[in-house]
Amino acid sequence: MIVKALEDKSALVTGAANGIGAAIAAAFCRAGARVVLVDRDEDGLRRVQASLAGDGPECIALACDVSKPGEIEACVKKALAAAGEIDILVNNAGGSGPTPALDIEEIEESTWDYVLDLNLKSTFLFSRFVVPGMRRKRYGRIINMSSTLKDGLAGPLNTINARLPYATSKGAIVSFTRQLAKDLAPCGITVNALAPGLIHADADARIARRYMSLDDAGRKSMMAAIPAGRPGSGEEVAGAALFLASPASGYITGDTLMISGGI
Ligand SMILES: NC(=O)c1ccc[n+]([C@@H]2O[C@H](COP(=O)([O-])OP(=O)(O)OC[C@H]3O[C@@H](n4cnc5c(N)ncnc54)[C@H](O)[C@@H]3O)[C@@H](O)[C@H]2O)c1
């Protein structure tokens with residue numbers, strides 16, 4: 001008999017309709033988890049749900065704008081009603097917002113708030129609403145999405161919009177992860193973060209399309225900054241997420257795992 005790493009587990013993955021989140025959802029589903037796909041992109045949710053039919057337990061799709069705190073508690077309630085429990089939470093939804101602004105003088109307060117709410121507050125709120133069930137079971141896995149941008153980045157970069165609030169939120173996610181890990185370690189719940197570098201989850205992923213829109217010199221300078229000389233794939237992030245989501249990683253908590261080709 002083949003034992004699947006996430007058999008009998010339920011997982012909620014935010015930002016699961018595209019990119020890295022869709023790759024993580026696919027890996028979890030194939031590992032035997034019942035996956036709750038959360039995203040604001042309803043067409044994308046349907047697409048991912050259909051693509052995973054037959055690969056594992058049926059996925060549940062829930063529309064939610066994670067930058068709107070009011071929608072998060074309702075989303076978790078629906079997820080619990082549909083899946084029974086959430087053993088694994090992946091706070092993946094995030095980004096640098098729709099407004100290109102590298103210099104601090106260009107960054108509106110509304111952009112700052114949006115990027116912090118999207119990346120950081122959503123991570124706090126999903127965790128807050130999922131942890132009570134994990135505490136009762138004395139088991140849980142929380143995986144938060146940071147970025148190599150947590151340490152800042154010099155020079156222009158065309159795949160990032162509002163870089164300052166984005167770097168701030170991804171740095172804060174590392175601190176959030178470390179503190180929550182210490183708070184929850186006695187309850188059998190681990191909390192870790194992933195810090196990807198440049199990831200082209202698939203050829204049509206948003207970041208891959210933006211990279212392809214750069215001129216030759218722009219692409220070369222981005223690749224020159226990556227020791228591995230290539231972007232990572234969605235599967236390469238999903239593999240790390242699968243390990244951190246599985247019982248095998250039970251003594252690892254508070255860590256941030258770089259997935260960056262050596263950056
Ligand atoms: N791709 C990279 O190079 C890279 C590098 C480092 C970190 N990350 C992080 O990984 C995560 C996923 O990135 P990606 O490249 O797959 O992005 P993506 O843009 O391809 O996918 C993000 C997904 O999140 C969803 N989303 C965005 N805003 C949302 C909102 N307000 N409510 C609900 N859903 C929302 C989108 O609809 C989409 O399905 C993000 O947190 C990102 O910051 C990505």
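**Close-up views of a predicted model**

**View A. Buried residues of helix 1 in the predicted model.** Burial in helix 1 extends over Gly 19, Ile 20, Gly 21, Ala 22, Ala 23, Ile 24, Ala 25, Ala 26, Ala 27, Phe 28 and Cys 29. Because 11 of its 12 residues are buried, helix 1 is largely enclosed by the rest of the structure. Its 12 residues should span 16 Å at 1.5 Å a residue, and the end C-alpha atoms, 17 Å apart, agree with this expectation. Gly 32 follows helix 1 and has a positive phi, near 100°.

**View B. The shell around the ligand.** The ligand is surrounded by 28 residues, of which Gly 15, Asn 18, Gly 19, Gly 94 and Ser 147 are the closest. By character, the shell comprises 13 nonpolar, 10 polar and five charged residues. Helix 1 (19-30) and helix 6 (206-212) each contribute at least two residues to this shell. The greatest contribution comes from helix 1, with three residues. Gly 19, one of the closest residues to the ligand, is also among the buried residues of helix 1.

**View C. The open sheet and its edges.** Seven strands are arranged in the order 3-2-1-4-5-6-9, with parallel pairing. Strand 3 (60-63) and strand 9 (256-259) occupy the edges; each has a single partner strand, and therefore one side of each is left without a neighbour in the sheet. From one strand to the next, the twist averages 15°.

**View D. Pairing of strands 4 and 5, with helix 4 packed on the sheet.** Four bridges join strand 4 (residues 88-91) to strand 5 (residues 140-145) in the parallel sense. Across this pair, Ile 88 stands opposite Arg 141, and Val 90 stands opposite Ile 143. Helix 4 (residues 109-137) packs on the sheet and touches strand 1 (10-14), strand 4, strand 5 and strand 6 (189-196). The direction of helix 4 makes about 180° with that of strand 4.

**View E. The two sides of strand 5.** In a regular strand, side chains alternate between the two faces of the sheet. In strand 5, Gly 140, Ile 142 and Asn 144 point one way, while Arg 141, Ile 143 and Met 145 point the other way. Strand 5 is mostly covered, with six of its six residues buried. Arg 141, which stands opposite Ile 88, is thus shown here as one of the buried residues of strand 5.

Notes:
Residues are numbered from 1 along each chain as its sequence is written. This is a predicted model: local features need pLDDT of at least 70, side-chain atom pairs count only at pLDDT 80 or more; totals for chains, interfaces and linings use all residues. Two strands pair if DSSP finds at least two bridges between them. Axes are lines fitted to C-alpha atoms, for helices over the stretch in contact, and angles run from 0 to 180 degrees between N-to-C directions. Two residues are in contact if their C-beta atoms, placed from the backbone, lie within 7 Å. A residue is near a molecule or strand if its C-beta atom, placed from the backbone, lies within 6 Å of it. Ala, Val, Leu, Ile, Met, Phe, Trp, Tyr, Cys and Pro count as nonpolar, Asp, Glu, Lys and Arg as charged, and the others, Gly among them, as polar. The expected span of a helix is 1.5 Å times one less than its number of residues. A residue is buried if 20 or more other C-beta atoms lie within 10 Å of its own, exposed if 12 or fewer, and partly exposed in between; C-beta atoms are placed from the backbone.
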